[in-house]
Amino acid sequence: MATVGFLGLGIMGHAMAANLVKAGFDVTVWNRTASKCATLVAAGAKQAATPREVAESCDITIAMLADPAASREACFGKDGVLAGLAQGRGYIDMSTVDDDTAREIAEAVTAKGARFLEAPVSGTKKPAEDGTLVILAGGDRSLYDEAGPLFDKLGKKRVFLGNVGQGARMKLVVNMIMGQMMVALSEGLALGLKGDLDGEQILDVLEAGAMACPIFKGKGPMLLRGDATTSFPLKHMQKDLRLAVALSEQLGQSLQGGSTANEIFKRANIAGHGDADIAAVYRVVQ
Ligand code: NAP
């Protein structure tokens, strides 16, 4: 069984690494804030001092980090992954980043004779805990196949999308749609409540029709309760919308809805809701 490294123990990474430990993999963890390693070490994981140490000691190293800056730092920084990777080793970045970042990391990793796979995920805290994420992979096919047993502990579905960059693009497309759905739900509820409709009844009607979906079912009651307990930090959704808008510039695709959603999430971020759940976007829409 491959030895597995795991970098980044935030909301998603901690739950994902815990599933790998629970499944019996030999896991070595690292997190910038080292104290977040404690519960995983208590569950049987080893702890490393740097990403380099993780990459040196593991067959496959996985990263689940905040954003492109964090992914680059963990790879290219002092005592980063790149410094520790040897010929044939695997590096899988599951963070949500832009396709340029994924390709730059891939080029550097392959230049060292190691293998790279991007594998961002669809699904939030609960699917990460339940091992029911959807994994969107691109890059080295042999690493994708080799990591199959790991992915099957993390997700319920995985797709191989071809070259590095296609996984990032798929993830940005999906979240650009979700960002707009959150804005639409927020505006619909705000408008309805001002028009003396009952919020529960609005959600009930949505649920009964063609727009019934888990995101409305999950977030709708949170919006009505004013609950923004964090599963998906709002600042990360704004990052994804910003990256989707940048991709639209690059590809020459108009993105009016996505740009508007980006501005609304940006406003919520600036207003101090960045660490709250994406449900907090309702607070600036109201
Ligand atoms: P999170 O809770 O904010 O965790 C972010 C992680 O990145 C932490 O381990 C943090 O370390 C680390 N980090 C941040 N900046 C760093 C840097 N410069 N160098 C090294 N490490 C750094 O985020 P999350 O919700 O787990 O999300 C992780 C990734 O998955 C993001 O790309 C996000 O867009 C994506 N994603 C999230 C969800 C979701 O629902 N939450 C769903 C799908 C995809 P510290 O602990 O030291 O801060």
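In the predicted model, E146 is partly exposed, with a relative accessibility of 41%. The side chain of E146 forms a salt bridge with R115, and the closest N and O atoms of the two are 3.0 Å apart. R115 belongs to strand β6 (residues 115-118) and E146 to helix α8 (residues 141-146), so this pair ties together parts of the chain that are 31 residues apart in sequence. The two partners differ in burial: R115 has a relative accessibility of 15% and counts as buried, because the limit for that class is under 20%, whereas E146, at 41%, counts as partly exposed.

The salt bridge between R115 and E146 is one of a set, the count for the model being 18 salt bridges. A second pair consists of D79 and R52, with 3.8 Å between the closest N and O atoms. This pair also links distant parts of the chain, since D79 is in the loop between α4 (68-76) and α5 (81-84) and R52 is in helix α3 (residues 51-57), 27 residues apart. Both partners are partly exposed: the relative accessible area is 26% for D79 and 31% for R52. A third pair joins D240 to K239, the closest N and O atoms being 3.0 Å apart. Here both D240 and K239 are buried. Some salt bridges share partners, and R52, E56, K78 and D79 are joined in this way into one network.

The backbone of D79 was also examined. Although D79 is not a glycine, its phi is positive, at about 55°. The residue is placed in the loop between α4 and α5, and its relative accessibility of 26% puts D79 in the partly exposed class. A positive phi, of about 65°, is likewise found at D196, which is not a glycine either. D196 is located in the loop between α10 and α11. With a relative accessibility of 72%, D196 counts as exposed, because that class begins over 50%.

The loop between α10 (166-194) and α11 (199-208) also holds D198. D198 is one of the residues of a negative surface patch, together with E200, D204 and E207. The relative accessible area of D198 is 37%, so this residue is partly exposed; the value satisfies the requirement of over 30% for patch residues.

Two further sites concern buried residues. S95 lies in the loop between β5 (90-93) and α6 (99-111). Its relative accessibility is 2%, so S95 counts as buried. The side chain of S95 makes a polar contact with the side chain of S71, at 3.4 Å. V121 is part of strand β7 (residues 121-122) and, with a relative accessibility of 4%, is also classed as buried. V121 and L133 are separated by 12 residues in sequence, and their C-alpha atoms are 6.3 Å apart in space.

Technical notes
Residues are numbered from 1 along each chain as its sequence is written. This is a predicted model: local features need pLDDT of at least 70, side-chain atom pairs count only at pLDDT 80 or more; totals for chains, interfaces and linings use all residues. Side-chain values use heavy atoms; hydrogens and water are left out. Patches are made of residues with over 30% relative accessible area and no salt bridge: like charges are joined within 9 Å, nonpolar side chains (Val, Leu, Ile, Met, Phe, Trp, Tyr) within 5 Å. Accessible areas come from the Shrake-Rupley method with a 1.4 Å probe; for residues, only the protein chains shown count as cover. A salt bridge is a side-chain nitrogen of Lys or Arg within 4 Å of a carboxyl oxygen of Asp or Glu. Lys and Arg count as positive and Asp and Glu as negative; His and the chain ends are not counted. The place of a charge is taken as NZ of Lys, CZ of Arg, CG of Asp or CD of Glu. Helices (H or I, at least four residues) and strands (E, at least two) are DSSP runs, numbered from the N terminus. Buried means under 20% relative accessible area, exposed over 50%, partly exposed in between (1.4 Å probe, protein chains only). A polar contact is a pair of N or O atoms within 3.5 Å; within protein, one must be able to donate a hydrogen and the other to accept it, and residues adjacent in sequence count only if both atoms are side-chain atoms.
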